[in-house]
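Q: I'm new to this structure. Could you take me on a close look at a single part, the place where the chains meet?

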Amino acid sequence: MGAIKDIATIARWEVKKSVSVMSRDVLPIAVVLFVLLIIVTGFVAQSGLHLQDGMYRLGVDDPKVAGIFTSDTRFTVYETDTASLLANRDAFDVIITGGQAYGSPTEKGKSALQTLQRDYTSYTNGVYTKEGDLFAAYPLWIDVQNVKSELDFVSTQNGQLVSSAPSAAAPPEPQGGVTTIPTPSPTIGFTQEQLRQELVKSSSQTSPISRYTQVLTPAGASMGSFETPSQLSPPLPFDSIILVFVFIFPLYFTSQFFMMSIMNERIERKGEVLLSLPVRASSIIIGKALPYLLGMVSICAGLTFYLRASPIIILPLIPVIFFFLANALLIGMLSRSFKELSFVSIFFSTVATSYLFFPSIFANVHVISLISPLTLIVLTLQGTAWTVTDYLYSTALFWLTSAVLFYIAAVNFREERLFSEKRLLPRLREFLAETLSRRHPYVSLFLLAVFSIPFVFMVQMLCLVLFFNLPMPYSLVLLIVFAALIEELAKAVGVYTLFVQDPSFLSWKGLVAACAATAIGFLAGEKLLLFVTLSQITQSVFGSVLFLSLGVLWMPLAIHFAGVFIVACALKYGGRRGFVAGLAAATAIHCLYNLTIILGWIG
Amino acid sequence: MNGRHLSIIAKKEFRGLVNERTILLAILLQLFLAMFSSFLMVGLTSMYDPSSLSQYSHFRYRVAYAGNDSPVLDYLEKSPDFRVYRMDLSPAVAALQERQLAAVIYVPGTPPDAAGPVKITLYTLTNDIQSAIVDVNLKDTFLAYERDLRQVREYRLDEQPIPVQIPASTGGGFFEFVYGLLIPLLVFMPAIISSALVIDLITEEYQHETIETLISTPVTFAEIVWGKVLACELLVPVQAGVWLALLMVNRIPIENAGLILLDVAVTSLILILLGALTALHYRERTAAQFIFSTALVVVILFVLALPENPLNLITRLAVGMAGTDQWLILGTAVIAVLVLGYVTHRYAEKTGLEHHTA
């Protein structure tokens, strides 16, 4: 009960303090800027973004044709007679004469032709949608029915082939039962006017600004699954980009305030008063974080309400909020100066945003997108349902890592850590050292290894996302190397920390015991998390690289042990400088092990 | 203003950056972004431009055709991308679910010249990168059939669009993305980093209460501010230059690299001076960074909405399309720098006086 009262008091202080900092003359200017932002957004919507203006030169000999393309600012259109067009062909990226377009053979010319094609299509669509007889202009409609496959993406990595050998001349015979599919009705259940409205609406989406707003209020729902052939294309990722910024930006800003509030306690030892209170460090942290947490949740709720989206999208955002707060707390505690704070936090937010954003591009295309909670938001906005398993799958890592980070921050929230002036990496090591118990070093190492697993997975997932679009052999090789390096690094960190604190710790007996504790902990954590969440990825070729160790137990244990053992020996003989060499050797051996397993597995 | 004093301050800031190794983080950050943008190039642009996706594999996808005969069947049979099977609808969809097929097409018996539309039903798999590729290939077939149908029904149209024949072009899909988005973004990022940095440098002196020590030296307050601005400004063309060099090493030809650097250097000075002014006004990092980053969004959006803006100039310079109007843009930017520089100088002098009297 006492703790709750403490937390409430500290939260109240925090609010009071930040309000007093803010209200001076920040708030009025912030309001002015916000109003300006709205005005500027309106201006942008009207005038468009002029980033790509005048990229191409287009030469035309017919003023009517020129009229089609002048509205596209990417083209600088020159109107002259046919003869001078042909004479100065090289000066243009594209020329159109006699109703025929010719592009220059450069990359730029090819790109200009593609842009021209898109513009022309949207022009013809504009003419066609005005036709009185819409079905003469749009005679063909495609009704896209999505069928859920029983097999999962296990079989279709990266656009790999699903079907068996294509040489078979006979049509395939379904192996399982056949459910009768009703013959589709040959008519569309919509009037010409309804369809026309939808066509006008979807062609107006070509302006980048209006496209942002379209996703957020699900459009096209009235037309069901009907599309004209030209609308049949893979879903554009633009929408998820905007979504990420709509939701992540306010979170990023608010966590910056939290970060600064922590940092401010450390400047000139201002936080000493707070630390001298008879309150537990965890209460201080929770109390300081609480206002920001509530603020972030209410911002998200406000956005959701504003976008008239289903309130369920807050669920995947909550672990993301915790993750941001936990990282802000640690960064605020770790950095020595404002510069460091800026760079570390920009770095963190870029990495975190990439992790959140890149998978969600593939929301409609690939199951791998589910490793980002934002994909769940995209799905919700589209009206696609997701399951509790999906939720666990995409948020588990965020929950776990935030919890671990909060714990590390709580044990380190003390005078000697907060007011120390050491460099970033030694400070990180000290922070870790604080979590390792002197009396039970092996238990600590075991636990450290277990809890490093979610971080390892997160980084490996990031690598997976990064590499998954490279051509096949490279992506696999890079993934093997990085997966091994990350694992070895995570395992070595505990031993390294203990060694730096007390080199005598690595007696032969201590060394072997420490390595064993780490290896067992790592294996246990790996298996635990795997069984909870990641079964989907583990069965794929990529997954087999990351999580090889599911098979027999003693082999992965041996390789985990060997890895730390190499690093520990390198430390024992080479001192701190031996660490990198040991790490490289351990990574190499780990890679070899992975390779043999995979080659044996596939070949 | 004393040049030596300026360089002393700038050197002090550089030493701080090197000492803390934060500059390393900044470089790491940019490398990371470069890595991701290479991912973007392949991943994202293949989504923008699906034709690059379908070059991915030369594989004949197995599709089933159900319903009545139509030209679609001929198109599919002639296409090198597909192997077509005539099947009944229900077993075909069952085979699709077992992934023995990539898609199922049902075509009804609607005559080409019917009053209503022809409605084709396409069954594909959800959440599958392969069905995205299949859709792209099928789209061509459907477009061809749509053209045929339009021709049959042509006499029912009120107005014909002006005909322009555009040859199908392959490649070039990355061009607009690289030159129209990636290059301005990468080259401009150091400017944004530097303007955030100048705020940190100035507010730090206040919040760590080192400002009094600095003022007690022969260096004037205005010189302190200008020294910090100088340090941040110098970082910009260096980083942007490295970016351009890296892109060129990656066989992305960039014209007018020198002019691009000049443009970035001038434009970034506007942002850095804005940052310095904000920092001088608030003297506290939280408020200054918050106000500045909000203002930055407003300014950048506004500038992007203007035709002939400095960011667009980078794009046009890189593709060799900038005319004489580039000097007009640059001149406007220089005037903005001069005005802001004057305001900053006066503000710094005024603040300096306050500090001395206090």
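A: Here's a walk through the contact between chain A and chain B, with a look at chain B afterwards. Keep in mind that this is a predicted model.

Let's start with the head count: 113 residues of chain A are in contact with 122 residues of chain B. On chain A's side, the elements that each give at least two residues to the part touching chain B are α2 (26–47), α3 (63–69), β4 (100–103), α5 (107–129), α6 (134–137), β5 (140–147), α9 (238–266) and α13 (338–361). Of these, α5(A) supplies the largest share, with 13 residues. Sort the chain A residues on that side by type and you get 62 nonpolar, 37 polar and 14 charged.

Now zoom in on β5(A). This strand pairs with strand β4 of chain B, residues 118–125, in the parallel sense, and the pairing runs over eight bridges. For a spot to find on screen, try A:Trp141: its bridge partner in β4(B) is B:Lys119.

So what about the chain across from A? Chain B has 13 helices and four strands. Its 358 residues are 49% buried. If you take the contacts within chain B between residues at least 6 apart in sequence, 74% of them join residues at least 24 apart.

Chain B also splits into domains: domain 1 covers 3–45 + 173–357, and domain 2 covers 54–154. Going by C-alpha atoms, the centres of domain 1 and domain 2 of chain B are 53 Å apart.

Definitions and conventions: Residues are numbered from 1 along each chain as its sequence is written. Chains are lettered from A and ligands numbered from 1 in the order in which they are written. This is a predicted model: local features need pLDDT of at least 70, side-chain atom pairs count only at pLDDT 80 or more; totals for chains, interfaces and linings use all residues. Two residues are in contact if their C-beta atoms, placed from the backbone, lie within 7 Å. Ala, Val, Leu, Ile, Met, Phe, Trp, Tyr, Cys and Pro count as nonpolar, Asp, Glu, Lys and Arg as charged, and the others, Gly among them, as polar. Two strands pair if DSSP finds at least two bridges between them. A residue is buried if 20 or more other C-beta atoms lie within 10 Å of its own, exposed if 12 or fewer, and partly exposed in between; C-beta atoms are placed from the backbone. Domain bounds come from an automatic or database domain assignment.
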